[in-house]
Every structure is written in C-alpha cells, then in structure tokens.
Amino acid sequence: MADRYLTVAQVAELLGTTERFPRRLIAERRIVFVKVGRHVRIPESALNAFIDANTVRPISHRSGSLRRAA
C-alpha cells in the first residue's frame, strides 16, 4: 500500500494543533519529511511513528505494590 504524503496543514489538522507545531517538528528534525521543490510533505507513516513514539502508556498496577493508609 502506498504511503500518503500530507501537507503541513493536514498534519496540523490531524494533530489538532496550529501549523506552527508541525513546522517546528520539521525545523528541529524531530519528524521525517520529504521536500518536493519548495513544498514539504510528511509521510503518513512518519506521522503515525511520531505519535506512537510520543504516546504515554498508563502504568499497570501490580498487586502488592500499592500501600494502604493506616
């Protein structure tokens, strides 16, 4: 399956942010991007990888590790 290449505006919309945030990710080289002439595109797989890498998982509680109040 071919990867979709998203514009900065599309990435911002998917993340629920302004365009400034994906532009900062690009400037800081924190996300994979492709330059096509003057245009910048972000592969959908790179966006998904970025989201997965920055997703904070809940802590699973182990039995016996919780302390009780007196």
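## A buried proline

Let's start with one residue: Pro 22 has a relative accessibility of 0%, so Pro 22 counts as buried (buried means under 20% relative accessible area, exposed over 50%, and partly exposed in between, with a 1.4 Å probe and protein chains only). Pro 22 sits in helix H2. Helices (DSSP runs of H or I, at least four residues) and strands (runs of E, at least two) are numbered from the N terminus.

Which residues does Pro 22 touch, leaving aside neighbours within four places in sequence? Pro 22 is in contact with Val 8, Val 11, Ala 12 and Thr 17, where contact means heavy atoms within 4.5 Å. Twelve residues along the chain separate Pro 22 from Gln 10, and their C-alpha atoms are 9.7 Å apart.

## About the model

This is a predicted model, in which local features need pLDDT of at least 70 and side-chain atom pairs count only at pLDDT 80 or more, while totals for chains, interfaces and linings use all residues. Residues are numbered from 1 along each chain as its sequence is written, and side-chain values use heavy atoms, leaving out hydrogens and water.

## The whole chain

The protein chain has three helices and three strands, and from the N terminus its elements follow the order β-α-α-β-β-α. Of the 70 residues in the chain, 19% are buried. Among contacts between residues at least 6 apart in sequence, 45% join residues at least 24 apart.

The chain exposes about 6100 Å², with carbon and sulfur atoms supplying 52% of this area. Accessible areas come from the Shrake-Rupley method with a 1.4 Å probe; for residues, only the protein chains shown count as cover.

## Helix H2 and its two sides

Pro 22 has buried company in H2: Leu 25 and Ile 26 are buried as well. Seen down the axis of H2, the buried residues fall within an arc of 100°, so they line one face of the helix (the arc is that of the directions from the helix axis to the C-beta atoms). These buried residues pack against H1, S3 and H3.

Arg 20 and Ala 27, on the other side of H2, are exposed. Just after H2 comes Arg 29, with a positive phi of about 55°. Arg 29 lies in the loop between H2 and S2 and is exposed, with a relative accessible area of 63%.

## The sheet

Three strands make an open, antiparallel sheet in the order S1-S3-S2; two strands pair if DSSP finds at least two bridges between them. Strand S1 (5-6) and strand S2 (34-36) are the edge strands, each pairing on one side only. Helix H3 (residues 44-53) packs on the sheet and touches S1 and S3, its direction making about 60° with that of S3 (axes are lines fitted to C-alpha atoms, for helices over the stretch in contact, and angles run from 0 to 180 degrees between N-to-C directions).

S2 and strand S3 (residues 39-43) run antiparallel and are joined by three bridges. One pair of bridge partners is Val 34 and Arg 41 in S3.

## The nonpolar core

How many residues make up the largest nonpolar core? There are ten in all, including Leu 6, Val 11, Ile 42 and Phe 50. A nonpolar core is a set of buried Ala, Val, Leu, Ile, Met, Phe, Trp, Tyr and Cys residues joined through side-chain atoms within 4.5 Å. Helix H1 (8-15), helix H2 (20-27) and H3 each give two or more residues to this core, and H3 provides the largest share, three residues.

Not counting residues up to four places away in sequence, Val 11 touches Leu 6, Pro 22, Ile 42 and Leu 47.
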